[in-house]
Amino acid sequence: MRLLRRLLRRSPRTLSSTDAYEKWADSYAAHAHNPLMAIEEKAMLALSPNLQDKIVLDLACGTGRYAVIAQEQDAAQVVGVDNSLAMLQSAKIAQVGLSTTEALPLATASIDVVLCGLALGHLPQIDDSMREISRVLKPNGIALISDFHPFQYLSGARRTFHAADGKVYNVEHYVHLVADYFRIGQSLGLSMTGILEPSIAGKMPVVLVMRFQKSS
Ligand SMILES: C[S@@+](CC[C@H](N)C(=O)[O-])C[C@H]1O[C@@H](n2cnc3c(N)ncnc32)[C@H](O)[C@@H]1O
């Protein structure tokens with residue numbers, strides 16, 4: 001009993017995504033700021049089409065890491081959407097919307113490329129978000145989605161951050177397998193056309209990076 005109490009005291013508290021990003025926003029840079037993000041970004045860019053002249057949605061944009069990249073690649077228009085006001089307030093994107101990924105304030109078939117970095121794992125189910133991605137994409141449009149690799153979570157790794165109060169917190173996370181993404185995508189006219197599972201120093205994969213193409 002005493003051991004259990006000691007273990008519980010030591011493990012960081014898990015915050016909901018909204019509470020976590022409220023605390024994290026001030027220090028969340030709009031560029032890859034840890035090895036996992038660096039390797040994820042490299043894989044996302046390896047699977048990404050050229051964004052020049054494209055209409056790009058940075059979905060669950062946070063402080064706008066992928067929006068900045070799209071702007072640097074001369075995208076015709078870049079929109080960022082996130083459900084954390086604090087993150088959006090720190091974002092450097094001209095067009096932002098406060099919205100959940102599950103009900104987007106965007107017209108059907110209006111987007112060429114959706115970039116969604118490390119966000120869908122915070123949701124218990126991804127069906128509605130995938131449906132919205134499919135809805136807003138133009139025919140033949142591309143979606144790039146990354147997630148914390150299921151192997152990591154299932155082996156006990158957690159998504160953590162150091163808050164300004166000096167504490168470490170976990171952020172809520174749910175496992176979605178490649179097969180889940182594949183099956184849900186297929187049912188929505190989104191074919192998985194690329195997948196990378198990069199690892200650091202030859203160890204277990206750290207992220208899952210997937211490319212989907214909307215049917216014509
Ligand atoms: C790990 S951060 C990634 C931010 C950015 N995509 C990046 O890669 O730098 C996850 C982001 O997902 C957002 N998020 C989580 N659940 C969301 C939801 N249901 N709808 C919209 N945004 C969500 C969080 O607010 C946070 O900004």
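This is a short chat about a predicted model, covering its ligand shell, one helix and a sheet.

Me: Which residues come nearest the ligand?
Reply: A60, G62, S84, G117 and A119 do, out of 17 residues around the ligand.

Me: And how does that shell split by class?
Reply: Eight are polar, seven nonpolar and two charged.

Me: OK, switching to helix α2. Which of its residues are buried?
Reply: In α2, residues 17–24, the buried ones are A20, Y21 and W24. Looking down the helix axis, they sit within an arc of 90 degrees, so they line one face of α2.

Me: What covers those buried residues of α2?
Reply: The cover includes three strands, β1 (13–15), β7 (160–162) and β8 (168–171), as well as helix α5 (85–89).

Me: Now the sheet. What's the strand order?
Reply: It goes β4-β3-β2-β5-β6-β10-β9, an open sheet of seven strands with mixed pairing. The edges are β4 (95–98) and β9 (190–196); each has a single partner strand, so one side of each has no neighbour in the sheet.

Me: How much are neighbouring strands turned against each other?
Reply: By 20 degrees on average, ignoring direction.

Me: Back to β5 and β6: parallel or antiparallel, and how many bridges?
Reply: β5 (residues 111–116) and β6 (residues 137–148) run parallel, joined by five bridges. In that pair, C116 stands opposite I145 of β6.

Me: Which helix packs on this sheet, and what does it touch?
Reply: Helix α3, residues 35–47, does, and it touches β5, β6, β9 and β10 (207–214). The direction of α3 makes about 25 degrees with that of β10.

Notes:
Residues are numbered from 1 along each chain as its sequence is written. This is a predicted model: local features need pLDDT of at least 70, side-chain atom pairs count only at pLDDT 80 or more; totals for chains, interfaces and linings use all residues. A residue is near a molecule or strand if its C-beta atom, placed from the backbone, lies within 6 Å of it. Ala, Val, Leu, Ile, Met, Phe, Trp, Tyr, Cys and Pro count as nonpolar, Asp, Glu, Lys and Arg as charged, and the others, Gly among them, as polar. A residue is buried if 20 or more other C-beta atoms lie within 10 Å of its own, exposed if 12 or fewer, and partly exposed in between; C-beta atoms are placed from the backbone. Helices (H or I, at least four residues) and strands (E, at least two) are DSSP runs, numbered from the N terminus. The arc is that of the directions from the helix axis to the C-beta atoms. Two residues are in contact if their C-beta atoms, placed from the backbone, lie within 7 Å. Two strands pair if DSSP finds at least two bridges between them. Axes are lines fitted to C-alpha atoms, for helices over the stretch in contact, and angles run from 0 to 180 degrees between N-to-C directions.
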